[in-house]
Amino acid sequence: MDQLHRKNASPRGQTRHRLKAVLKAGIVCGLAGVMQMAAGSAAQACSVALVLAMDSSASVDAREHQLQIKGLADAFLDPDVVNAIEVVGGIYVTAFEWSGRYQQVEQLSWRFINNGATASAASNTLRQAGRGYTEFPTALGYALGHAAVLMKRAPAHCSRKVIDVAGDGINNDGFGPDSAYKAFDFNGVTVNGLVIAGPDSVPVDYYFAEVIRGPGAFVEVAGTYDDYAEAMKRKLIREIIGNGLASAD
């Protein structure tokens, strides 16, 4: 034992020991680098970060609110939507309802959806979301500002950033969309609209003129709240697949 101890303590033994330590450190650093590269690749692989903003202002009654919630939840169960999600390799999604200046309520926190199971889980969460407020006006500029803040908090870097705003009227409380676009960071963000048209074209014209913004931005129109589910399905597919389809007529 004493001879073995002296052997290990010899300069040659110490050199071998140091060499092993260096090799071990190199392996650890190498693995860390590989993991960082993998993480970076996964982040780059994210196709789209999508913020969904749903109108719950005073102009939306209880039945209409339920049609919106059910329509959005059902859209994530639709085979065509799920297929689009799988084709692009998955998307990050969050959702909130909005009305007055400070009335924004989370419906779905940021999550990654990449297949039928994760889409179904998101659908269930949305379906159970209760309504936050019923009596506030339409603060669309504040809703856009809130959406921009949420987009900055996306868990991963995605190739595209899209805000999806649904509503049935024009801004009538606080600053409007133009001020929101000046005050918040919308760099690289596309803002699309889903408008419930109603008896006149004012909301549709307003969304085209004041709301949509960025590359490939478009407005999807639902004639009434009964058409909301189909309009949302069409809109999600266009947003998930990308700007080539989104800019098509």
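This text looks at one charged residue, Glu-97, and then at the aromatic rings of a predicted model.

Start at strand β2, which covers residues 91-98 and contains Glu-97. Glu-97 is buried and has no salt bridge. The nearest side chain of opposite charge belongs to Arg-131, 5.2 Å away. A salt bridge requires a side-chain nitrogen of Lys or Arg within 4 Å of a carboxyl oxygen.

What does the side chain of Glu-97 make a polar contact with? The partner is the side chain of His-65, at 3.2 Å. In addition, a polar atom of the Glu-97 side chain lies 2.7 Å from the backbone nitrogen of Gly-132. His-65 and Gly-132 both appear among the residues in contact with Glu-97 when neighbours within four places in sequence are left aside. That list also includes Met-54, Ser-56, Gln-103, Gln-104, Val-105, Gln-107, Gly-130, Arg-131 and Tyr-133.

Now turn to the rings. A pair of aromatic rings is described by the distance of the centres and the angle of the planes. A search of the whole structure gives five aromatic pairs. One of them joins Tyr-92 and Phe-112, with ring centres 4.9 Å apart. The planes of Tyr-92 and Phe-112 meet at 50°, and the pair is therefore tilted, since that label covers angles between the stacked limit of 30 degrees and the edge-to-face limit of 60. This pair links distant parts of the chain: Tyr-92 is in strand β2, while Phe-112 is in strand β3 (residues 104-113), 20 residues apart.

Are these two rings buried or exposed? Buried means under 20% relative accessible area. Tyr-92 has 18%, so Tyr-92 is buried. Phe-112 has 33% and therefore counts as partly exposed.

A further pair is formed by Tyr-181 and Phe-186. Here the centres are 4.8 Å apart and the planes stand at 85°, an edge-to-face arrangement. Tyr-181 is buried, with a relative accessible area of 11%, and Phe-186 is buried as well, at 5%. Tyr-181 also has a charged partner: the charged end of Arg-213 sits over the Tyr-181 ring, 4.6 Å from the ring centre.

Elsewhere, Arg-238 lies over the face of Phe-218, 3.9 Å from the centre of the ring. Finally, Tyr-102, Tyr-142 and Phe-175 form one aromatic cluster.

Definitions and conventions
Residues are numbered from 1 along each chain as its sequence is written. This is a predicted model: local features need pLDDT of at least 70, side-chain atom pairs count only at pLDDT 80 or more; totals for chains, interfaces and linings use all residues. Side-chain values use heavy atoms; hydrogens and water are left out. Helices (H or I, at least four residues) and strands (E, at least two) are DSSP runs, numbered from the N terminus. Buried means under 20% relative accessible area, exposed over 50%, partly exposed in between (1.4 Å probe, protein chains only). Lys and Arg count as positive and Asp and Glu as negative; His and the chain ends are not counted. A polar contact is a pair of N or O atoms within 3.5 Å; within protein, one must be able to donate a hydrogen and the other to accept it, and residues adjacent in sequence count only if both atoms are side-chain atoms. Contact means heavy atoms within 4.5 Å. Rings of Phe, Tyr and Trp (its six-membered ring) pair if their centres lie within 6.5 Å; planes under 30 degrees apart count as stacked, over 60 as edge-to-face and the rest as tilted. A charge sits over a ring if NZ of Lys or CZ of Arg is within 6 Å of the ring centre and within 35 degrees of the ring normal.
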